[in-house]
Amino acid sequence: MVYLLTNRCAQAVLATARLTLALSLTLSLGACVNSTIEQVKQPGVAFDNADSIVILARRHQNASETEASFTECVEARLSEESTLLKVHPQKAFIDAMFPWFEPGTAPVTTDAIPELLANPGVRSQIDQTGVRYVVWLDGSTQRIDSGGTMSCAVSPAGGGCLGFGWWEDAADYEATIWDLRTASTTGMVSADVSGTSYMPALIVPIPLIARTQAAACKGLAKQLSQFLGGAPVDLGSE
Amino acid sequence: MNPGSNTLSTQIRRPVRLGALVIGLAILAGCTTTVPIETNIPTPLIAPMPVRVAVFYDPSLTDFEHTEDVVGGSDWVVQLGNANMTMFNKLFASMFATVVKVDSLEQAFADTEGYDAIITPSIVELQIAPPSRLESDFFEAWVKYRIDAFDNDQKPIVKWIVTGYGKAEPEMLGSSDALSAATVTAMRDAAANIVIKFKKQPRVREWIDAQERMNGLPAH
């Protein structure tokens, strides 16, 4: 009798697990991201690979400022995308230029570059770093919608969850490329990525995460790499 | 009544009481988290003003501590004194041609030939907002400093308030480190403002121009 009960219980657990797996596989097809990457380039601009670039984030006093992790991701991926591009480390650049590229003191438009370079020591320090192009990143990843319900319970016989949850993230980023030598904007690249994540739960919750921010980072870095003359790009939706 | 048993009882009770006291103190101490702030502000990239200044650090700046009471959580004691000293030493060394630290304002005022100006920075306030208070994802910090400058006739040149703001994500750093990072960022923001904006204050600009004219240098 005990054997029979145990066997039935095991069968029920197996059936539930199969159902969860099937549901997860079905939904995993849906847990994807949609990307739109666009660029605007000034005509006649030719980038010189002898010069370095630096990736900087615009800082705002609100929650939607560009995440430090995103800037680091773009910096790392850009270095991976092309060995031709020389990417100067962000922190080293900001420290070397202190206090001129701090959140509250950095130039907001290219019109302020000549005034910045006129300060004693600034031009020579920039020359020393080898940085000619500044890539300003602006934007953030936000949760725009979510829904579903899930309840979990624990008893002496065991525990588990039942339900279904989902959420949608939108990653909107823009990269503006400045040429410090000509004090001008040479182009812009934008990444508009949205992704929906799902979490079905039949005993065990299985998160199916849409890596929205990572997709935006990858797309932006690829496009920047092409923009700056580093590598060919394969664009499209993911 | 056996006097020996009374002594034994007392001997047992004392360590028990002492132990309870130690445990009690440990619990109380556990309700407060001390966060000593350390800054590593880079050397500013500026040309120093051609003046000799005496700097006096009031103990209220160098011993500054801020206690943040957190409802339902442990309190934070943010120790900013050393960081204040480190920051101002670095800033003033870059901002002025000659900097001499003095032990009191009286000492600086007594030596009118030695300096062109006397500067005394002070901290007005530090505000900390943990994520729970603002329903945000960040620790946020605001710091407000005041810089008083006097000429060597003890006349005030300027009383200037400067602020700094910083925030940090506890998710990535942990609460204590995020609080520290937010405060350090706020100090760095204030430092950048001091370096760039102090000499742009109209009264300071006028005074610097007068000093340059007096020393035969072309005024800006």
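Let me start with helix α8 of chain B, residues 202–214, which lies across β2 (49–56), β7 and β8 of chain B. The angle between α8(B) and β8(B) is about 125°. Please keep in mind that this is a predicted model.

A second helix, α7, covers residues 175–197 of chain B and lies across β6, β7 and β8 of that chain. Its direction is at about 145° to β8(B).

What sheet do these strands belong to? In chain B, five strands form an open sheet, ordered β5-β2-β6-β7-β8, with mixed pairing. The edges are taken by β5 (96–102) and β8 (156–168) of chain B; each has a single partner strand, so one side of each is left without a neighbour in the sheet. From one strand to the next, the twist averages 25°.

Within that sheet I would draw your attention to one pair. Strand β6 of chain B, residues 117–129, and strand β7 of chain B, residues 139–151, run antiparallel and are joined over twelve bridges. As a point of reference on the screen, B:Leu126 stands opposite B:Val143 in β7(B).

I turn now to the nonpolar cores. The largest has 55 residues. Which residues have the most contacts inside it? They are B:Val53, B:Val55, B:Ile118 and B:Ala191. The element that gives the most to this core is α7(B), with twelve residues. To take B:Val55 in particular, and leaving aside neighbours within four places in sequence, this residue is in contact with B:Phe92, B:Val99, B:Lys101, B:Val102 and B:Ile119. There is also a second, separate core of 45 residues, which includes A:Ile55, A:Leu56, A:Cys217 and A:Leu228.

My last topic is strand β4 of chain B, residues 75–79. Strand β1 of chain B, residues 32–36, pairs with β4(B) in the parallel sense over five bridges, and B:Thr32 stands opposite B:Asp75 in β4(B). Strand β3 of chain B, residues 65–68, pairs with β4(B) in the antiparallel sense over four bridges; here B:His66 stands opposite B:Val78.

Which side chains of β4(B) are buried? In a regular strand, side chains alternate between the two faces of the sheet. Along β4(B), B:Trp76 and B:Val78 point to one face and are buried. B:Asp75, B:Val77 and B:Gln79 point to the other face and are not buried. B:Val78, then, is a buried residue of this strand and also the one that stands opposite B:His66.

Notes: Residues numbered from 1 in each chain as written. Chains lettered and ligands numbered in written order. Predicted model: local features only at pLDDT ≥ 70, side-chain atom pairs only at ≥ 80, totals over all residues. Pairing = 2+ DSSP bridges. Helix = DSSP H or I, 4+ residues; strand = E, 2+ residues; numbered from the N terminus. Axes fitted to C-alpha atoms, helices over the stretch in contact; angles between N-to-C directions. Contact = placed C-beta atoms within 7 Å. Buried ≥ 20, exposed ≤ 12 C-beta atoms within 10 Å, placed from the backbone. Core = buried A, V, L, I, M, F, W, Y, C linked by C-beta atoms within 7 Å.
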